[in-house]
Amino acid sequence: MFHDSENRRKDAKWCIGVISICILIYLGIRHIGNIANAVFWLMGVAKPLWIGCILALVLNAPMSVIESKALRKVYRGKRPLAILLSLLLISGIFIGVAFLVLPELLNAITLLVEIISNGLDQMAALDNSSALAQTPLADFMGKIDWLGLKNQLESWLKEESGALVGRAMGAAGSLVSGVVTFVIGLVFAIYILSGKKKLKTQACRLLRVWLPNRLSETLIHVASVCSGTFKMFMAGQATEAIILGTLCMIGMMILRIPYAPMIGALVGVTALIPIVGAFVGTIVGAVMILTVDPFKAVVFVVFLLILQQVEGNAIYPRVVGSKIKLPAIWVLAAVTIGGNLAGPLGMLLGVPAASAAYALMKEATDLREQRTFQEVKNNESA
């Protein structure tokens with residue numbers, strides 16, 4: 001009798017749980033717009049905090065290596081020193097490449113403006129005795145008012161100067177706001193890294209106290225697997241960026257393209273940024289080479305596009321996959337699906353997420369296989 005009432009109570013709880021979940025799913029689908037607005041509002045309010053969490057994840061990878069290897073014999077002040085060295089390492093790479101590339105890029109843009117202006121003057125000064133007058137394009141070129149085109153360009157720049165100043169001021173305001181948000185996030189990341197052991201202990205304690213034991217232990221294990229996977233992913237991403245930058249530099253030297261070391265370093269650093277980084281490296285490199293040899297600029301763009309295809313389909317899956325122990329085919333699938341779902345962020349997080357899911361699924365499959373084998377063995381012995 002008692003056993004029947006206990007079963008009925010369990011069945012009633014199960015039915016109530018299923019009905020509650022169905023109601024929540026229905027309400028969520030019906031009010032999906034309001035829920036999305038609320039989520040975006042919360043993300044905007046907590047923007048410095050989640051930026052700090054992302055920075056903490058990124059900085060934790062080099063910091064762990066520095067702590068365990070470079071500072072393994074240091075016993076006092078190891079954590080602050082490791083955080084400082086990690087910040088100096090990452091910021092030094094980006095700042096060094098910026099100081100290396102930006103002056104040449106500004107000179108290239110200035111030179112391009114001068115070339116365009118002088119070219120318009122020369123086209124306007126052409127006469128019938130020039131060599132161009134003997135070509136089939138002479139009639140077409142003669143119908144164009146090159147001097148008027150230059151004057152229109154100059155007048156448009158003067159008219160738009162006020163609007164450009166306004167846009168520049170708006171961009172400067174947004175930049176200042178972004179810098180302040182980034183600084184707050186960086187401070188938050190430093191606090192997370194300096195007390196990560198204490199935060200981990202507190203989080204595990206909360207999970208074990210407020211959740212069922214099996215669920216809390218599962219969540220802690222999942223978080224541990226995801227953390228280790230992300231560390232290895234960052235190491236693989238850095239290795240892949242070094243390989244790509246080196247191959248770009250070697251290929252440019254073979255093709256006798258100028259600025260090979262500089263553009264190779266730029267391509268290697270921008271390779272850390274999914275999708276956008278490839279375009280930034282290609283455009284900046286092409287502009288710099290264009291001022292020296294336009295044909296070599298075209299050759300560079302074609303070469304880099306081919307190299308990126310080879311890197312994305314052959315090198316990246318093997319290098320990153322070997323670091324995170326994920327087969328190359330699943331790395332390529334994670335990059336493709338993540339990019340289609342969430343753009344650059346999806347490509348960045350898709351690979352470690354797929355690796356963590358792969359590791360957890362492998363563990364669960366092995367455990368279930370062992371249990372099944374044990375049950376079969378027990379049945380045979382019985």
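This short talk describes the helices, the surface and a few selected residues of one protein structure.

Good morning. Please keep in mind throughout that this is a predicted model.

I shall begin with the overall composition. The protein contains 13 helices and zero strands. Reading along the sequence, one therefore meets an α element at every step of the pattern, α-α-α-α-α-α-α-α-α-α-α-α-α. Of the 382 residues in the protein, 26% are buried. The accessible surface comes to about 25,800 Å², and carbon and sulfur atoms account for 71% of that surface. As for contacts, let us take those between residues at least 6 apart in sequence: 66% of them join residues at least 24 apart.

Let us turn to helix H9, which covers residues 213–254. How far apart are the end C-alpha atoms of this helix? They are 61 Å apart. The 42 residues of H9, at 1.5 Å a residue, should span 62 Å, so the distance in the model agrees with the expected span.

Helix H9 also holds a pair of rings. The search of the whole structure finds one aromatic pair. Its partners are phenylalanine 230 and phenylalanine 233, with ring centres 6.2 Å apart and an angle of 45° between the planes. Why is this pair called tilted? Planes under 30 degrees apart would count as stacked and those over 60 as edge-to-face, and the rest are tilted; the 45° between these two planes belongs to that remaining group. Both phenylalanines lie in H9, three residues apart, which is about one turn of the helix. Are these two residues buried or exposed? Phenylalanine 230 has a relative accessible area of 10% and is buried. Phenylalanine 233 is buried as well, with a value of 0%. The cut-off for buried is under 20%.

Next comes the loop between H9 and H10. Arginine 256 is placed in this loop, just after H9. Its phi is near 60°, a positive value in a residue other than glycine. Arginine 256 is exposed, because its relative accessible area of 69% is above the limit of 50%. Tyrosine 259 is found in the loop between H9 and H10 too. The phi of tyrosine 259 is near 60°, again positive in a residue other than glycine. With a relative accessible area of 25%, tyrosine 259 is partly exposed.

After the loop we reach helix H10, residues 260–270. How many of its eleven residues are buried? Nine of them are, so H10 is largely enclosed by the rest of the structure. The buried residues include Ala260, Met262, Ile263, Leu266 and Val267, together with the glycines Gly264 and Gly268.

Finally, let us consider the surface at another part of the sequence. Here Ile35, Val39, Phe40, Met43, Trp50 and Ile54 make a nonpolar surface patch of about 550 Å². Which helices supply at least two residues each to this patch? They are helix H2, residues 32–45, and helix H3, residues 47–70. H2 gives the most, with four residues. Valine 39 serves as an example from H2. Its relative accessibility is 40%, so valine 39 counts as partly exposed.

To summarise, we have seen a predicted model with 13 helices and zero strands, an aromatic pair in H9, a largely enclosed helix H10 and a nonpolar surface patch to which H2 gives the most residues. Thank you for your attention.

Terms used
Residues numbered from 1 in each chain as written. Predicted model: local features only at pLDDT ≥ 70, side-chain atom pairs only at ≥ 80, totals over all residues. Heavy atoms only, no water. Expected span 1.5 Å × (residues − 1). Patch = residues over 30% accessible without salt bridge, like charges linked within 9 Å, V, L, I, M, F, W, Y side chains within 5 Å. Areas by Shrake-Rupley, 256 points an atom, 1.4 Å probe, with all protein chains shown as cover. Salt bridge = Lys/Arg side-chain N within 4 Å of Asp/Glu carboxyl O. Buried < 20%, exposed > 50% of the residue type's maximum accessible area, 1.4 Å probe, protein only. Contact = heavy atoms within 4.5 Å. Phe/Tyr/Trp six-rings, centres within 6.5 Å; stacked < 30°, edge-to-face > 60°.
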